[in-house]
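Me: I have a protein open on my screen and would like a close look at one part of it. Could you walk me through that part in a connected way?

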Amino acid sequence: MTELTDKKLTTKINVSQLSLDILQQNPDRLRNWEEERRHPLHYMKNRWQWENYPKWKYVAPFPLHVDLEADSRCNLKCPMCYRRVFDNMKVNAKEDPNLKFAAMDYDLYKKAVDECVENDLYSLRLSWRGESTLHPRLIDFVAYAKDAGVKEVSFITHGGNLTEEYIKGLIDARLDYISLSIDATAEAYNKLRAPLKFNETVERVANIHRLREEYGEGYPKIKVQGIYNYFEGDILEYYNTFLPITDNISFNVEHDYSVEVNHANKKEDNIFCPYPWQRLTVTATGLVPLCIADWDADVPIGDIKTNTIKEIWHGPQMTRARNLHLENRRMEIKPCAACIRLEDASIEDVAAPLQEASKIYIQQELTQLRKKGKKEKRLPDMKRIDPRIP
Ligand code: SF4
């Protein structure tokens, strides 16, 4: 490996998620979100590894987290989704069946989970680009991973398929954590997430909360998250609607998935990204992209049908990617050069207090929006929001 330059290496990390609970100065709720995990000590250990291993440049024997895409198909067409950019591009245009949107094969899933359990994986997320609940066996997926011994199993969903029976199935399967994508209230939501309806979605979230209290001993934990650039309506109403029926309410920034724009806005290269030391992503067909931010698997680094996850994690392409980041040469890696995530990065030290990070983040994001000439959406006003309002 070549010497590092004297440029300051800065840890920039995906902090695109902004918790309204932080802005609300709601420390109890934040603490509970962290501490009330099913396996709190394992969770804390995992968070400690997550923050420190990249700083130490230590490659763990196995990824600290795996995103295993149960299903890459989706039945909505949301304007903020990367699929709007990629639908007519590589993923569906290629004949390669590995690049098609699909549901994961159950035997392939079991093979992957078995390896994860053998290697003591802490967390498994059954989502990436698609709507996980479209997989006809998602509940079986959760049950298999939990029975095998994965400590934390979660997925992200628009929530439209969560009937009472389905929720009970997830509770029985011992799902640990569910994250629902909800970006607005009332009519604005109905338009963004058509054909879903806001009132029905709120009812489904309330059902998860009620049923988990009745049958699930408080699990799954419930997070609601949205893209704040799309938020319309009263943020206070939004927050207070979900406060009693969730454990965490967060917002992400809108990513610009236009590859051309991202290349045109080349970012500084004197940074290294912690992701190659933290996580690995597997598509529904078994392909492993270089990173979760490599949305169309432009740089496949393996396939779990023929390789083990461990082989890929320690393989030449991951090693090369790590080295290039450490050598200030991440722009030589295609997905990193077009990365949508570092655009959001806003803190120089991952240990910086999150609230401070959120403030900096908002300022930077507003600056970016102004530069791009985009309309500024109203951001949450810290003084206006009062979590005590029922
Ligand atoms: S694409 Fe590269 S820079 Fe972006 S999150 Fe992944 S590893 Fe980090």
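Which residues does histidine 325 touch, not counting those up to four places away in sequence?

Reply: Happy to help! Please keep in mind that this is a predicted model. Leaving out residues up to four places away in sequence, histidine 325 touches Phe272, Cys273, Pro276 and Arg330. Phenylalanine 272 lies 53 residues from histidine 325 in sequence, yet their C-alpha atoms are 4.7 Å apart in space.

Now for the setting. Histidine 325 sits in helix α14, which covers residues 316–326. Histidine 325 counts as buried because it has 23 C-beta neighbours inside 10 Å, where the cut-off is 20 or more. Met318 and Ala321 are buried in α14 as well. Looking down the axis of α14, you would find its buried residues within an arc of 60°, so they line one face of the helix. The general background is that an α-helix has 3.6 residues a turn, so residues three or four places apart point the same way. Just after α14 comes asparagine 328, with a positive phi of about 60°.

One of the residues that histidine 325 touches, Cys273, also leads us to the ligand. The ligand is surrounded by 12 residues, and Cys273 is among the closest, together with Cys291, Ala293, Cys336 and Cys339. Sorted by class, that shell holds nine nonpolar and three charged residues, with no polar ones.

For contrast, take lysine 191, which belongs to helix α9 (residues 186–192). Lysine 191 is partly exposed because 13 other C-beta atoms lie within 10 Å, a count between the limits for exposed (12 or fewer) and buried (20 or more). Proline 79 is 112 residues away from lysine 191 in sequence, and the two are 9.8 Å apart from C-alpha to C-alpha.

The largest nonpolar core is worth a visit too. It has 65 residues, and those touching the most other members include Val66, Cys116, Leu124 and Ile309. Cysteine 116 is in contact with Val66, Leu121, Leu124, Val150 and Ile309, once neighbours within four places in sequence are set aside.

Finally, a word on confidence. The average pLDDT for the protein is 78, and 70% of the residues score at least 70. Over residues 260–265 pLDDT stays under 50, and the model has six contacts there beyond four places in sequence. Residues 343–366 also stay under 50, with 38 such contacts in the model.

Terms used:
Residues are numbered from 1 along each chain as its sequence is written. This is a predicted model: local features need pLDDT of at least 70, side-chain atom pairs count only at pLDDT 80 or more; totals for chains, interfaces and linings use all residues. A residue is near a molecule or strand if its C-beta atom, placed from the backbone, lies within 6 Å of it. Ala, Val, Leu, Ile, Met, Phe, Trp, Tyr, Cys and Pro count as nonpolar, Asp, Glu, Lys and Arg as charged, and the others, Gly among them, as polar. A nonpolar core is a set of buried Ala, Val, Leu, Ile, Met, Phe, Trp, Tyr and Cys residues joined through C-beta atoms within 7 Å. Two residues are in contact if their C-beta atoms, placed from the backbone, lie within 7 Å. Helices (H or I, at least four residues) and strands (E, at least two) are DSSP runs, numbered from the N terminus. The arc is that of the directions from the helix axis to the C-beta atoms. pLDDT is the predictor's confidence in each residue, from 0 to 100.
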